[in-house]
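Q: Please give me a close look at one part of this structure. Then set that part against its surroundings, and show the reasoning where a cut-off decides the matter.

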Amino acid sequence: MENPRLSFEEFKALFQDRFESQEELLREYHSLVSIFKHLDQAPVPDFSSEEKAEIFKRAWRERPQKSSWVITCIDLLRQPAVTFAVGVIVGCIVMSAVANNRLRLAQTASADPLLSVEHTKYTQTYKGKMIEEFYPEFENPKIVLEKAASSSPPQRTLYGTLDNGEITVVWNL
Amino acid sequence: MNREYPVSDEALIKAAQRGDRDAAAWLYSRHVDRVHRICYRIVMDPSQVQDCVQEVWLKVFRNLGRFRSGRSFAAWLNTVAANTAIDFYRKYTRQRNHPDVDETYVKASVADKQPGNQQLDKALVQQQIQEALQEISVNQRTAFVLRYFENMPTAEIARVLGCGEGTVRVHICRSLLALRAKLAGKLNQ
């Protein structure tokens with residue numbers, strides 16, 4: 001006498017250690033099968049159609065409302081291929097933004113060097129932030145190193161302005 | 001509502017997620033009886049069952065938007081129904097100040113009424129079964145109901161209850177022992 005709900009094999013696996021003999025195991029199984037028969041005879045009382053309809057109406061009414069295009073977008077993003085593609089695109093955008101910023105930073109740095117030197121045949125002109133910090137009282141200071149001839153000693157001159165370019169300063173160092 | 005409507009659950013869910021009320025109604029009508037059975041057998045109080053089933057469907061429609069395609073809707077629904085019924089039962093027993101039975105405790109001493117009586121009438125047997133199922137813990141009862149009434153494999157029950165398969169087997173063993181203890185010798189073989 002097998003029961004579709006509780007097979008003897010399952011019963012045996014659950015209770016093998018509990019009973020001493022196969023006969024006892026079988027007897028207990030048959031006893032439980034009788035209980036299952038009675039369980040089958042105890043149906044769950046059905047809801048009426050009105051009760052069912054009422055439950056559905058309330059549950060549907062109280063769900064969160066979202067516009068259909070939001071749901072379509074969410075649906076689309078849930079597709080693994082789309083998620084992967086979006087990930088790649090976002091990654092590219094982030095990488096390109098980071099790379100551009102780095103270039104811009106480099107450009108900013110090169111636009112305002114600490115010290116720049118211009119060479120001509122007889123002169124060397126030093127200017128930049130470093131010179132400005134040495135002579136903060138002057139505007140656009142630059143130091144010019146001149147050599148009249150290769151054997152003559154170099155002459156250092158500081159050029160700059162004061163009062164917004166109104167006064168020109170030439171200072172032999 | 002025709003439960004044999006030849007559209008998959010997945011298609012109905014997608015339509016319901018877009019706000020299609022008819023699709024949601026089809027889905028509901030296809031599964032409402034199973035949800036009702038699970039709740040009824042776990043909560044075990046007819047006056048509370050409708051509220052419990054209502055709660056399950058409120059959760060289902062609130063979270064339908066988050067349901068991922070590719071999963072089994074029936075399995076997800078079973079989980080929602082069983083957990084809601086367990087919570088409902090616990091809340092209800094707390095309100096009644098009627099503690100839930102301890103997990104390790106099975107009252108197995110009720111086989112004392114007229115031993116050997118072969119002519120117990122059906123109603124009495126049903127009552128004894130109900131009593132036996134009420135005396136076990138709600139987790140034990142849930143494991144029993146899902147295994148033997150909903151034919152769910154042990155692994156799935158373990159996922160529903162959030163425990164290991166071994167624990168599920170212990171729950172089932174104890175439920176069967178409780179039934180046996182309550183009804184031993186009282187049934188016609």
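A: What follows starts with the sheet, then moves to the aromatic rings and the two chains. The model is predicted.

Start with the sheet of chain A. Five strands form an open sheet in the order E1-E2-E3-E4-E5, and the pairing is antiparallel. Two strands sit at the edges: E1, residues 116-119, and E5, residues 167-172. Each of these edge strands pairs on one side only. From one strand to the next, the twist averages 20 degrees. As a general point, strands of a sheet pair through backbone hydrogen bonds, either parallel or antiparallel.

Now take one pairing inside the sheet. Strand E2 of chain A covers residues 123-127, and strand E3 of chain A covers residues 139-146. The two run antiparallel and are joined by five bridges. One residue pair can be named. Thr123(A) has Glu146(A) as its bridge partner in E3(A).

Where in the sheet is Thr157(A) found? Thr157(A) belongs to strand E4 of chain A, residues 155-162. Is Thr157(A) buried or exposed? The relative accessible area of Thr157(A) is 3%. Buried means under 20%, so Thr157(A) is buried. The side chain of Thr157(A) has a polar partner: a polar contact of 3.4 Å joins it to the side chain of Asn172(A). Leaving out residues up to four places away in sequence, Thr157(A) touches Lys142(A), Ile143(A), Val144(A) and Glu146(A). Val170(A), Trp171(A), Asn172(A) and Leu173(A) complete that list of contacts. Glu146(A), touched by Thr157(A), is also the bridge partner of Thr123(A).

Strand E3 of chain A holds an unusual backbone angle as well. Most residues other than glycine have a negative phi. Asn140(A) is not a glycine, yet its phi is positive, about 45 degrees. Asn140(A) has its place in strand E3 of chain A. Its relative accessibility is 62%. Exposed means over 50%, so Asn140(A) counts as exposed.

Chain B has a residue to set beside it. Asn151(B) also has a positive phi, near 55 degrees, and is a residue other than glycine. Asn151(B) lies in a loop of chain B, between helix H6 (138-148) and helix H7 (154-161). At 58% relative accessibility, Asn151(B) counts as exposed.

Next, the aromatic rings. Pairs are counted where ring centres lie within 6.5 Å. By this rule there are 20 aromatic pairs over all chains. One of them joins Phe11(A) and Phe15(A), with centres 4.9 Å apart and planes at 40 degrees. That angle is neither under 30 nor over 60 degrees, so the pair is tilted. Both rings belong to helix H1 of chain A, residues 8-15. Phe11(A) and Phe15(A) are four residues apart there, about one turn of the helix. Phe11(A) and Phe15(A) are both buried.

Phe11(A) has another ring partner in Tyr29(A). This pair is tilted too, at 5.5 Å centre to centre and 50 degrees between the planes. Phe11(A) lies in helix H1 of chain A, and Tyr29(A) lies in helix H2, residues 22-40, of chain A. The pair therefore ties together parts that are 18 residues apart in sequence. Phe11(A) and Tyr29(A) are both buried.

One ring cluster includes residues of chains A and B. Ring pairs link Phe56(A) and Trp60(A) with Tyr28(B), Trp57(B) and Phe61(B). Trp60(A) also has a charge over its ring: the charged end of Arg63(A), 3.7 Å from the ring centre. In chain B, the charged end of Arg141(B) sits over the ring of Tyr89(B), 4.5 Å from its centre.

Last, the chains as wholes. Chain A has six helices and five strands. Along the sequence, its pattern is α-α-α-α-α-β-β-α-β-β-β. Chain B has eight helices and zero strands, with the pattern α-α-α-α-α-α-α-α.

Burial can be read chain by chain. In chain A, 25% of the 173 residues count as buried. In chain B, buried residues make up 52% of the 189 residues. Now take contacts with a separation of 6 or more. Residues 24 or more positions apart account for 18% of these in chain A. In chain B, that share is 71%.

Note on methods:
Residues are numbered from 1 along each chain as its sequence is written. Chains are lettered from A and ligands numbered from 1 in the order in which they are written. This is a predicted model: local features need pLDDT of at least 70, side-chain atom pairs count only at pLDDT 80 or more; totals for chains, interfaces and linings use all residues. Side-chain values use heavy atoms; hydrogens and water are left out. Rings of Phe, Tyr and Trp (its six-membered ring) pair if their centres lie within 6.5 Å; planes under 30 degrees apart count as stacked, over 60 as edge-to-face and the rest as tilted. Buried means under 20% relative accessible area, exposed over 50%, partly exposed in between (1.4 Å probe, protein chains only). A charge sits over a ring if NZ of Lys or CZ of Arg is within 6 Å of the ring centre and within 35 degrees of the ring normal. Two strands pair if DSSP finds at least two bridges between them. Axes are lines fitted to C-alpha atoms, for helices over the stretch in contact, and angles run from 0 to 180 degrees between N-to-C directions. A polar contact is a pair of N or O atoms within 3.5 Å; within protein, one must be able to donate a hydrogen and the other to accept it, and residues adjacent in sequence count only if both atoms are side-chain atoms. Contact means heavy atoms within 4.5 Å.
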